[in-house]
Amino acid sequence: MKLGVCYYPEHWAKDRWLKDAQEMRLIGIEYVRIGEFSWSTIEPTPGVLNWTWLDESLSILHDHGLKVILGTPTATPPKWLVDKHPSMLAKDEQGRVRGFGSRRHYTFASLEYREECRRIVTIMAKRYGNHPAVVSWQTDNEYGCHDTILSYSAVDLDAFRIWLKEKYQDIQALNRAWGNIFWSMDYGSFDEIELPNLTVTEANPSHRLDFQRCCSDQVVAYNRLQTEILRKYSVGRDLVHNYMGFFTAFDHHKVSEDLDVASWDTYPLGFLDQEAIYSDVEKHEYLRTGHPDFGAFHHDLYRGCGKGRLWIMEQQPGPVNWAPHNPTPADGAVRLWTWEAFSHGAEMVSYFRWRQAPFAQEQMHAGLLRPDASTAEAAIEAGQVSNEVKHLANELGVDVDALVSLPTAGKVALMFDYDACWSLDIQPQSKAYRYMFWCYRVYEALRELGLSVDIISAKAEFEHYQMLVLPAQAYVSPRLEARLENYRGVLLVGPRSGSKTESYQIPENLPPGPLAKILPVTVERVDALPEHTQMDVNGRWGIGLLKHWHEQLKTDLPVLLSDSSGAAVLVGKDQRYYLGSCLDNDVLKVSLSRLAEKANLSPYFLPKGVRMRQRGNLLFVFNYSPVSQTYRPDDSTALIGGEELISCGVSVWRKE
Ligand code: GAL
């Protein structure tokens, strides 16, 4: 439970650096991320390297006991480099070049750019790989930010053809897999294949899915190029990348295989305002605290991506600059977000950024310090957290460093799969349907029941969980199907699961395809609804509305929920259940609470805006609501706070 900060010494006069380090220590900061956008400072002209600033700032930070996460500077290649390799620039779907003048102006598939990355990362890793201040490296910055995963340039086309050749070997195999007989789309060779943009109408969805997979693999290869160098020259340092919220354009599980820690950048207010998932009512209610499940969902998602280790690389400290509207956080919100992250296993929460920049694109983005170096509100809350962590360790009779070993595992698992996300979003069938949003709403309902959830990949072990939810596992591999067959906990399979083959076709036996073996159901027809049309649903397991997606099920399984015509919506018995529709929060929550009871969990309907997370015998309770709430867990002693929770209130309890 450590604090960190993102720091840009190169933005400030040198005579300030000492004071910065001293003030960081006073707040309780231990980690400092630097360097990730500094290529033009490091190498102002080709081959001329300027290390003085970085040498000096590293040594000041080190002298103050601060641990450094050093960023590779590859998210911002300098102008001279772009001019040297114009083909490294990405192209958007309309074929327009995405030019220099901001950041992330490269395509992952560019081999010329990869060579430049190899060069600069090697030089940096050799120079600082064994520096005593450097404990970790961040590769690049926010892969995919500003919509930069899919690119449609000539180098992307080359990469795609190579990728397809490797996957299919034979062009007829590709034709069959994609169903190219439809609309005369057959190809005679891999060299005839184009990128799936600029077509007259929708490109073949199998073509699009493979392109998405290929672009995702380019990110994996690009990241791996950097991690291999860093592993070689900087032994024993944690390698990390900072992911983003609601971002699914590449497979984070695959990228994480090459990293030690998964981290992400959390901006609860920016995302509340920006994302289509949230209703206007939610946007109003949680304007200054962020949605109660935004941070939690991503903490659990990313902790499950890699080796179970989680950092928050960038935590919103005040208003941001990039959302349609940028309100200030409520008093206490920064503290609330920080504790929420710790309760999900974050080893470190680092604020973005140390001092607000008075120039360039992000001059309206808050920091822990104001542009004039005076202390902003978030610095005070960060300091408070740092003291509270010491208090907590004290109460538990352990050293602060020992808090890292508190268990993080939940008892419920929710499966999240990037390939399923791409499949279902490529042909959503209802504009109102989004895979990510449905997963989020299922997670939200579980959390409103006070349950601690782990979000796992389709390859992760799930045998030990008491309850497993597959919100929408589009393609179910033979291996996954076999493991589900052996699973002994309570299983809920959601709508659209098993609805596609690996190459994006409807399975021969109709959805849920291979899952029909364990859940004898056939989806005969689908009603894909607009946002404005919701239908009544009721039964033994609740009452409410269904929306976006409604399957007509043929089955002999017992019916627990049905629509107003009496058709089955939720069916199943014993340990296995199939849900054929997306449900609204009320009925979803009641149904999930029934399942949780069957799984021997103790679901509890928490007050509005209140959430809870368990780590071992510690319970963390949060109030995101704008008004005070009361909650006292049974048989527990308060270590921080108590049962009265003001807005943004946090309490920590030990279960006896
Ligand atoms: C992140 C990014 C940072 C900064 C921040 C502003 O997406 O990694 O560099 O731009 O947003 O909120």
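**Exercise 1. Cysteines**

Decide whether C582 is buried or exposed in this predicted model, then find which cysteine sulfur is closest to the sulfur of C582.

*Solution.*
Step 1. Start with accessibility. C582 has a relative accessible area of 2%. The limit for buried is under 20%, so C582 is buried.
Step 2. Look for a partner. The closest cysteine sulfur belongs to C439. It lies 9.7 Å from the sulfur of C582.
Step 3. Apply the cut-off. A disulfide needs two cysteine sulfur atoms within 2.5 Å. C582 and C439 are therefore too far apart for a bond.

**Exercise 2. Another cysteine, and the total**

Work out why C6 forms no bond with C145, and state how many disulfides the structure holds.

*Solution.*
Step 1. Check the surroundings of C6. Its relative accessibility is 0%, so C6 counts as buried.
Step 2. Check the distance. The cysteine sulfur closest to that of C6 is in C145, 14 Å away. That is too far for a bond.
Step 3. Give the total. The structure holds 0 disulfides.

**Exercise 3. The ligand**

Describe the shell around the ligand: which residues form it, and how do they divide by type?

*Solution.*
Step 1. List the neighbours. F37, R103, N141, E142, D265, Y267, E314, W322, F352, E362 and H365 surround the ligand.
Step 2. Sort them. The shell has 4 nonpolar, 2 polar and 5 charged residues.
Step 3. Pick out polar atom pairs. R103 places a polar side-chain atom 2.8 Å from a ligand oxygen. For H365, a polar side-chain atom is 2.7 Å from an oxygen atom of the ligand. In W322, a side-chain N or O atom also sits 2.7 Å from a ligand oxygen.
Step 4. Add the cover. Alone, the ligand would expose 310 Å². The protein buries 96% of that area.

**Exercise 4. Domains**

Find which residue ranges make up each domain, and how many residues of domain 1 are in contact with domain 3.

*Solution.*
Step 1. Read the bounds. Domain 1 covers 2-79 + 110-148 + 235-402. Domain 2 runs over 412-598, and domain 3 over 610-655.
Step 2. Place the centres. Taken over C-alpha atoms, the centres of domain 1 and domain 3 are 27 Å apart.
Step 3. Count the contacts. Domain 1 contributes 27 residues, and domain 3 contributes 18.

Conventions
Residues numbered from 1 in each chain as written. Predicted model: local features only at pLDDT ≥ 70, side-chain atom pairs only at ≥ 80, totals over all residues. Heavy atoms only, no water. Near = heavy atom within 4 Å. Polar contact = N/O pair within 3.5 Å; in protein donor to acceptor, adjacent residues only side chain to side chain. Areas by Shrake-Rupley, 256 points an atom, 1.4 Å probe, with all protein chains shown as cover. Nonpolar A, V, L, I, M, F, W, Y, C, P; charged D, E, K, R; others polar. Buried < 20%, exposed > 50% of the residue type's maximum accessible area, 1.4 Å probe, protein only. Domains from an automatic or database assignment. Contact = heavy atoms within 4.5 Å.
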